[in-house]
Amino acid sequence: MTELHLWLRHEARTTERRTPVVPDDARRLVENGVALTVEDSPQRVFPIEEYEAAGCRVAPAGSWVSAPRDAVVLGLKELPGEPAELTHRHVFFGHAYKGQPQAAGLLRRFAAGGGALFDLEYLVDDSGRRLAAFGFWAGYLGAALAVLQHRGRLRAPLTPTTKEALDETLKPAADDAGFTGLVIGALGRSGRGARTAFATAGADPTCWDLAETRDLDRRALLEHDVMVNAVLATSPVPPFLREQDLDTADRRLRTLCDVTCDVGSPLNVLPVYDETTDWDEPVRRLREHPPLDLIAIDNLPSLLPLESSADFSAALLPHLLDFGVTGPWGRCLDRFRQACREHGLDNGEIHDH
Ligand SMILES: NC(=O)c1ccc[n+]([C@@H]2O[C@H](COP(=O)([O-])OP(=O)(O)OC[C@H]3O[C@@H](n4cnc5c(N)ncnc54)[C@H](O)[C@@H]3O)[C@@H](O)[C@H]2O)c1
């Protein structure tokens with residue numbers, strides 16, 4: 001059996017401090033016979049020395065492009081725009097299977113190079129349950145930011161922090177007015193995170209999941225001050241909010257946080273905005289009278305890089321130790337091939353690695 005060679009890349013996005021493998025788990029991989037190369041990265045929350053001490057080889061940032069062909073390149077978020085041809089097997093969140101605007105371009109690069117995408121969003125068990133996800137922390141941060149904004153205490157730009165420091169800002173002050181919160185997708189990972197953050201902030205939100213949105217009551221939705229959308233949409237449903245709902249005269253909703261961020265996708269349940277917000281400008285005003293503020297940040301867990309990396313890495317580790325083309329990884333590969341076919345790309349056959 002050939003040795004598995006994993007190549008942990010530097011993240012192209014400068015605000016991305018998370019990593020899918022933390023140094024303690026890197027050590028476990030090395031101890032189990034995996035060759036692990038780790039790219040140096042100026043922003044990763046764990047210094048490269050910790051990986052080196054765990055027995056990893058070190059390589060310069062971005063050097064995966066010339067990594068041996070059999071290396072499996074591991075990352076989290078988008079690849080840089082070059083090279084045009086992707087020859088390796090890549091493990092990351094590609095965001096390319098839901099009709100997103102950048103999907104075709106990415107799949108074309110894989111098809112051109114004969115590489116393959118093992119999309120972490122599709123690493124699932126036999127019953128389709130995600131095996132490694134950042135959802136909890138996404139929801140936690142989404143609700144936390146929404147509450148801070150609602151209380152007039154959100155300061156931009158946002159910067160990575162620790163849970164301890166964040167929780168300190170979430171504690172209700174004596175003069176804070178009460179508010180009503182709503183979490184949609186409340187039974188999921190993000191939903192659980194959102195509920196936990198609301199609780200830290202002293203609030204007890206209304207919780208909706210599939211059963212409560214089947215026959216959607218938009219008036220009831222608009223009666224909440226703060227709403228966090230944390231659904232994982234897998235098939236189109238009527239939107240939770242439409243433009244005209246924002247103009248409802250007695251709308252109580254003031255702060256809307258869309259953790260899902262499916263903007264641009266046909267599955268989007270909140271087609272009331274067309275661009276996400278970011279750390280520099282986390283809030284966009286959608287309406288003035290009465291005010292309605294939107295937070296739609298697609299890299300929320302990066303704001304708690306330590307906690308979210310540690311959780312994710314712990315969940316991913318057993319599957320990295322078992323990397324192959326069957327089981328969950330086989331399902332990832334099948335999904336990739338299906339997406340290529342849907343785009344009319346003659347990938348199907350990845351190079352023999
Ligand atoms: N913004 C970010 O930084 C960030 C980070 C991680 C995940 N996410 C996104 O957050 C979303 C949720 O992820 P998760 O890990 O919590 O997923 P999950 O599968 O754990 O939970 C999703 C929940 O949504 C519910 N749901 C699905 N459709 C619904 C509907 N029509 N009405 C009501 N409830 C519905 C499901 O029943 C489930 O309980 C995903 O879209 C994911 O991509 C965003």
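In which sense do strand β10 and β12 pair, and over how many bridges? Strand β10 (residues 255–258) runs parallel to β12, with three bridges between them. This is a predicted model, where local features need pLDDT of at least 70, side-chain atom pairs count only at pLDDT 80 or more, and totals for chains, interfaces and linings use all residues. Residues are numbered from 1 along each chain as its sequence is written.

**View 1. Strand β12 and its partners.** Helices (H or I, at least four residues) and strands (E, at least two) are DSSP runs numbered from the N terminus, and two strands pair if DSSP finds at least two bridges between them. On the β10 side, Cys 257 sits opposite Ile 295 of β12. Strand β11 (residues 284–287) pairs with β12 in the antiparallel sense, again over three bridges, and Arg 287 faces Leu 292 there. Four residues link β11 and β12 into a hairpin.

**View 2. Ile 297, just one of the annotated positions.** The UniProt annotation "binding site" (unreviewed entry) includes Ile 297 and Thr 213; such annotations may be inferred rather than shown by experiment, and positions use the numbering here, with feature names shortened. Ile 297 lies in the loop between β12 and α10 (305–320). Its contacts (C-beta atoms, placed from the backbone, within 7 Å) beyond four places in sequence include Thr 276 and Trp 279.

**View 3. Thr 213 in helix α7.** Thr 213 belongs to helix α7 (residues 210–213). Leaving out residues up to four places away in sequence, Thr 213 touches Ile 184, Trp 208 and Phe 240.

Notes: Two residues are in contact if their C-beta atoms, placed from the backbone, lie within 7 Å.
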